[in-house]
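This is a tutorial dialogue on reading features from coordinates. A learner asks, and a teacher answers.

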2 protein chains.
Amino acid sequence: MKEQLRQYLNQYIQLNENEFCAIANLMSEKYLRKKEHFVKATSICNKVAFFTKGYFRFYYLTKNGDEITSDFYFAPNIVTSYTSLITCNPSDVYVQAMDDMKLLILSKSDLEKLYSQYHNIDRVGRLIAEKVAINSEQHLLSLLNQTAEERYRNLINNNPEFIQKIPLQYISSYLGITQETLSRVRRKIK
Amino acid sequence: MKEQLRQYLNQYIQLNENEFCAIANLMSEKYLRKKEHFVKATSICNKVAFFTKGYFRFYYLTKNGDEITSDFYFAPNIVTSYTSLITCNPSDVYVQAMDDMKLLILSKSDLEKLYSQYHNIDRVGRLIAEKVAINSEQHLLSLLNQTAEERYRNLINNNPEFIQKIPLQYISSYLGITQETLSRVRRKIK
DNA sequence: AAATTCCTTTGACAAAAATCAAAAAATGAA
DNA sequence: TTCATTTTTTGATTTTTGTCAAAGGAATTT
């Protein structure tokens, strides 16, 4: 799995052996079962995880107790409650494993040590943050200037393998609509 | 104005004199008049700007030619078309000065040299990217789980000084609604 | 001050989406 | 396979929001 992490990081920047091992040696294994949470709302997130299989769902609870999915993270990827990790405030978001998964965990304190010690690792952190920002921006834009139907079409075009597996109820709130409306959009499309 | 830049960057990290001057010496002055663009859609953005007065508006054009405001950046701040700068793709977004403004400009190539040369500057870049990601996430969430009325209330609570100055037509699309709907929300609130 | 332009509000109506309730389909467990 | 549970679809209705057109205000220019 560490080889996959190396490959994953390589898309951002080529780390030398020394730098990569510094990271890899600080990571610990953890397993999550389907539907378990990597981060829960109200808790402060102090870790990041790398995973190579399955996907995570980010969701919020409304005052009425309804779940609103705000994001999906598909493998291979690094996942964390970004806002909580950075601000040290309790997370607003639940980060839920949607499959049985194996994780490689890195604690925030170790991450910060790595950032301080290695310029290149700080840089990877920047590149990842930039990517997170761009993704969030894209999602935001799709909500502002596309119809629910367009958003759904794009979602299945961009991630066909995964979208098949995701129950509609989770996708609908990600698109900013109800299950029923999504079901109707879907009928129209086919 | 460079002193204000120093102060601005200090909120992220304390740069030493050497690091700060490396940045400041590469920046050039530029003036924009109200309604002029710092970045235009279809052009590739290769610069960032620091400004101490006024605000910028980010907007997109729909297929029908309607403008959709996606963001506001209030002084003092650093502004750029983030996605275009990072991906080197043409910008989807217009970045428009909403006041007469003085800018300090840094080119992308100089920025990248600074990133490579100074670990601390790379780090500032990371911290700023993280902040951009968090802001975008907040805006996204407000669209997913708040009503237009709640979004409007939050906007005026968080930036009362500025919101007064922004024409409704620009705010409404930022909130994901039409001018007319915003006008009705507003009547209800008062 | 009058005139022009720009911005905001209002009303009437249409369209889109939400809600509620129930049926149908799919999934997983015994 | 059958049963139980979960997920998706459908229909009827209500609510919300958008659209279009016009009027009212505010601000700016001449």
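The turns below go through a helix, the two DNA surfaces, aromatic rings and some backbone angles of a predicted model.

Q: Which kind of model is this?
A: The model is predicted.

Q: How should the length of a helix be read, and what span should helix 5 of chain B have?
A: The general idea starts from the pitch: an α-helix has 3.6 residues a turn, so residues three or four places apart point the same way. For the span, one counts 1.5 Å a residue. Helix 5 of chain B covers residues 119-145, which is 27 residues, so a span of 39 Å is expected. Its end C-alpha atoms are 39 Å apart, in agreement with that value.

Q: How many of the residues of helix 5 of chain B are buried?
A: Of its 27 residues, 20 are buried, so helix 5 of chain B is largely enclosed by the rest of the structure.

Q: How is a protein surface around DNA read, and which residues are closest to DNA strand C?
A: Begin with the list of neighbours, then the atoms, then the elements. DNA strand C is surrounded by 15 residues, the closest being Thr178(A), Thr181(A), Leu168(B), Ser183(B) and Arg184(B). Of the atoms of this strand that come within 4 Å of the protein, 62% are in sugar and phosphate.

Q: Which atoms of DNA strand C do polar side-chain atoms of Thr178(A), Glu180(A) and Arg186(B) approach?
A: For Thr178(A) the partner is a phosphate oxygen of DNA strand C, at 3.2 Å. For Arg186(B) it is also a phosphate oxygen of DNA strand C, at 3.3 Å. Glu180(A) has a polar side-chain atom 3.3 Å from a base nitrogen of DNA strand C. The elements giving two or more residues to this surface are helix 9 (179-189) of chain A, and helix 8 (168-174) and helix 9 (179-189) of chain B. Helix 9 of chain B has the largest share, six residues. By class, the surface near DNA strand C has three nonpolar, six polar and six charged residues.

Q: Which residues come nearest to DNA strand D?
A: The procedure is repeated for this strand. Around DNA strand D there are 15 residues, and Leu168(A), Ser183(A), Arg184(A), Arg187(A) and Thr181(B) come nearest. Sugar or phosphate holds 58% of the atoms of DNA strand D within 4 Å of the protein, and bases hold the rest. A side-chain N or O atom of Arg184(A) is 2.5 Å from a base nitrogen of DNA strand D. Phosphate oxygens of this strand lie 2.9 Å from a polar side-chain atom of Ser183(A) and 3.2 Å from a side-chain N or O atom of Arg186(A). Two or more residues come from each of helix 8 (168-174) and helix 9 of chain A, and helix 9 of chain B. Here helix 9 of chain A gives the largest share, six residues.

Q: How is an aromatic pair described, and how many does the structure hold?
A: A pair of aromatic rings is described by the distance of the centres and the angle of the planes. Over all chains the structure holds 20 aromatic pairs. One of them is Phe72(B) with Phe74(B), at 6.2 Å centre to centre and 15 degrees between the planes. Planes under 30 degrees apart count as stacked, so this pair is stacked. Phe72(B) and Phe74(B) are both buried. In chain A, Tyr55(A), Phe72(A), Phe74(A) and Tyr174(A) make up one aromatic cluster.

Q: What sits over the ring of Phe38(A)?
A: The charged end of Lys47(A) does, 4.8 Å from the ring centre. In chain B, Lys47(B) lies over the face of Phe38(B), with 4.8 Å to the ring centre.

Q: Which backbone angles deserve a second look?
A: Most residues other than glycine have a negative phi, and most peptide bonds are trans. A cis peptide bond joins Ala75(A) to Pro76(A), with omega about -10 degrees. Pro76(A) is in the loop between strand 5 (67-74) and strand 6 (77-79) of chain A. Ala75(B) and Pro76(B) are likewise joined by a cis bond, with omega about -10 degrees.

Q: Where is Cys88(A) found?
A: Cys88(A) is in the loop between helix 3 (82-87) and strand 7 (94-97) of chain A. Its phi is near 65 degrees, a positive value in a residue other than glycine. Cys88(A) is partly exposed, with a relative accessible area of 40%. Cys88(B) also has a positive phi, near 65 degrees, and is partly exposed at 43%.

Technical notes:
Residues numbered from 1 in each chain as written. Chains lettered and ligands numbered in written order. Predicted model: local features only at pLDDT ≥ 70, side-chain atom pairs only at ≥ 80, totals over all residues. Heavy atoms only, no water. Helix = DSSP H or I, 4+ residues; strand = E, 2+ residues; numbered from the N terminus. Expected span 1.5 Å × (residues − 1). Buried < 20%, exposed > 50% of the residue type's maximum accessible area, 1.4 Å probe, protein only. Near = heavy atom within 4 Å. Polar contact = N/O pair within 3.5 Å; in protein donor to acceptor, adjacent residues only side chain to side chain. Nonpolar A, V, L, I, M, F, W, Y, C, P; charged D, E, K, R; others polar. Phe/Tyr/Trp six-rings, centres within 6.5 Å; stacked < 30°, edge-to-face > 60°. Lys NZ or Arg CZ within 6 Å of the ring centre and 35° of its normal.
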